[in-house]
Amino acid sequence: MAQNFIRCDREQELLLPASLREWLPEDHLAWFVIDAVAAMDLAAFWAAYRADGHGRPAHDPAMMVALLLYCYAIGERSSRRIERRCVEDVATRVICANRAPDHTTIARFRQRHEVALGELFSDVLALCAEAGLVQVGMIAIDGTKVHANASERATCDYEQIAREILAEADAVDSEEDERFGERRGDELPEPLATGAGRAKWLADAKRRLEQRRAEEARPIPASRQQRLRESKRRLDEELATECQANAAYEAYRARGLMRNGRRLGSHSPPKPYTPPATPRGKINTTDPDSRNVKTPRGWVQGYNAQAATNERQIVIAAELTNSSADFGQIEPMVNAARRELHAVGIVEPPAVVVADAGYWHQVQMQALAGDGIQVLIPPDANKRKGARPGWDGGLYAFMRRVLATDLGAELYRKRTAMIEPVFADTKFNRKIDRFQRRGRAACRSEWRLITATHNLLKLWRASTAPTVA
């Protein structure tokens with residue numbers, strides 16, 4: 001008797017058209033993403049296309065959004081690999097209705113709709129709120145370092161940038177001499193006036209400069225020559241900021257008064273400052289917005305990605321900064337969380353906010369407490385034995401007493417389980433530890449899209465979880 005196998009006949013022709021509904025089970029993530037996109041407001045995507053119907057037809061924005069959400073959810077972000085999945089993967093073929101947009105189309109869609117893709121975070125959060133997953137009695141705030149789409153070896157100082165620009169100009173001159181037989185000068189512009197203020201004034205001036213750059217959200221040029229000139233412009237701008245800060249500081253010292261009524265300048269006039277001939281800072285010529293940020297395993301060229309989560313590990317706020325430290329981020333993140341919650345119809349503020357010792361900022365903590373929000377941040381890091389020198393009494397001692405109580409310790413213990421798994425799922429499970437785009441604005445939109453897909457996965461798992469009678 002012959003062996004019995006299920007027949008595998010690849011030459012069999014289908015007698016009826018295939019139905020996409022039969023390709024995947026009903027509870028598959030792809031169907032869930034399609035239904036979620038159908039419930040979203042995609043007006044911002046539609047507005048980018050002509051309303052008169054002229055021109056070559058584009059792929060349906062709803063299809064492209066569903067494709068990107070699904071691929072980000074499973075950790076696939078390469079445009080070329082997404083194109084390959086549209087041919088080889090059943091789920092993406094279902095999402096695209098058997099169409100296969102090429103990688104250039106996918107990349108240009110991401111670039112064209114950069115802001116709208118980042119705002120999908122609010123739409124997904126609204127779906128989570130409708131499902132009852134956005135309870136905000138307590139939120140946890142933390143940050144994780146994410147590699148920029150740049151190498152730390154591309155970080156140069158002013159002289160290196162100037163040498164490269166001059167070398168490039170010399171090469172252009174030589175090529176033009178060979179072609180035209182005459183030299184055409186291409187010299188660097190004269191550097192701006194330089195100067196530096198004192199530490200505090202300079203830090204405030206640079207913070208305002210970074211804030212203005214974040215608001216401007218300039219795109220990073222694709223050409224390396226243009227990036228070099230942009231990097232040089234930023235170094236000149238930072239040096240001009242130092243000059244203004246120094247002038248403001250010296251003017252304050254000259255006219256300011258101490259508590260006893262004496263002039264500050266007459267008591268201890270500031271030492272004369274000699275500005276450097278060229279800016280002293282360094283900048284990354286691949287992504288000038290990125291910074292060298294510190295991680296537990298060393299320094300990387302990247303960004304500090306911030307998130308606020310609730311007890312169900314739903315991300316309710318996602319922001320991005322290029323500051324290595326978390327200091328000064330507690331109030332902006334709480335305000336961002338309140339804006340996102342208000343947008344989805346939740347008006348009550350969180351009752352308790354927990355964060356690690358890196359977020360300790362006494363002024364911001366007191367401001368949040370004035371709004372009725374209890375902030376739990378230990379003044380001492382776990383790796384430190386004992387209190388920091390001078391950090392005793394006042395709010396430091398009060399916070400230590402609060403965290404030593406049973407209730408305070410129980411609330412703070414929840415922090416790790418609330419937010420650390422979000423970063424672990426993103427960076428380890430989905431392998432998203434580096435941004436695909438360049439520039440702070442583009443990376444912020446991508447970070448919000450990444451966290452939106454995390455929320456979408458949590459919502460899908462909650463919808464497919466078996467109910468207990």
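These are my notebook entries on the pockets, cavities, one helix and the cysteines of this structure. I kept in mind throughout that the model is predicted.

**Entry 1: the largest pocket**

I started with the largest pocket and looked up its volume. It holds about 1,400 Å³ of space. I then asked which residues lie nearest its centre. They are Arg-207, Glu-210, Gln-211, Thr-321 and Gln-329, out of 48 lining residues. Next I listed the elements that give two or more residues to this lining. They are α7 (114-118), α10 (199-216), α11 (224-255), β6 (315-321), α13 (330-343) and α17 (440-464). Which element gives the most? I found α10, with ten residues. I also sorted the lining by class. The largest pocket has 20 charged, 15 nonpolar and 13 polar residues in its lining.

**Entry 2: the second largest pocket**

I moved on to the second largest pocket. Its space comes to about 1,100 Å³. Its lining counts 33 residues, and Gly-143, Lys-145, Lys-294, Thr-295 and Pro-296 are the closest to the centre. I noted the elements that supply two or more lining residues here: β1 (138-147), β4 (291-295), β5 (298-309) and α16 (406-429). The most come from α16, which gives seven. By class I wrote down 13 charged, twelve nonpolar and eight polar residues for this lining.

**Entry 3: the cavities**

How many cavities of 30 Å³ or more does the structure hold? I recorded three.

I took the largest cavity to begin with. About 80 Å³ of space lies in it. Its lining is made of Tyr-72, Arg-110, Glu-114, Leu-117, Arg-437, Ala-442, Ser-445, Glu-446 and Leu-449. Two elements, α7 and α17, give two or more of these residues. The largest share is from α17, with four residues. I sorted this lining too: four residues are nonpolar, four are charged and one is polar.

Then I checked the second largest cavity, with about 40 Å³ of space. I found it lined by Arg-213, Glu-216, Ala-217, Arg-218, Glu-230, Arg-233, Arg-234 and Asp-289. Both α10 and α11 supply at least two lining residues. The largest share, three residues, belongs to α11. Which classes make up this lining? I counted seven charged residues, one nonpolar and no polar.

**Entry 4: helix α8**

I went through helix α8, residues 120-130, for buried positions. I listed Leu-120, Phe-121, Ser-122, Val-124, Leu-125, Leu-127 and Cys-128 as buried. I wrote a reminder about helices in the margin. An α-helix has 3.6 residues a turn, so residues three or four places apart point the same way. After α8 comes Gly-132, and I noted that its phi is positive, near 80°.

**Entry 5: the cysteines**

I looked for disulfides last. A disulfide is a covalent bond between the sulfur atoms of two cysteines. My count came to zero. Why does Cys-71 have no bond to Cys-86? Cys-86 holds the closest cysteine sulfur, but that sulfur is 6.4 Å from the sulfur of Cys-71, so it is too far for a bond. The cut-off I needed is 2.5 Å between the sulfur atoms.

I also asked whether two cysteines are buried or exposed. Cys-71 is buried, because its relative accessible area is 0%. Cys-156 has 10% relative accessibility, so I marked Cys-156 as buried too. The cut-off for buried is under 20%.

Methods. Residues numbered from 1 in each chain as written. Predicted model: local features only at pLDDT ≥ 70, side-chain atom pairs only at ≥ 80, totals over all residues. Heavy atoms only, no water. 1 Å grid on protein atoms, 1.4 Å probe; cavity = no way out; pocket = protein on both sides within 12 Å on 5 of 7 lines; lining within 4 Å. Points joined across faces, edges and corners; volume = space filled by probe spheres on them. Nonpolar A, V, L, I, M, F, W, Y, C, P; charged D, E, K, R; others polar. Buried < 20%, exposed > 50% of the residue type's maximum accessible area, 1.4 Å probe, protein only.
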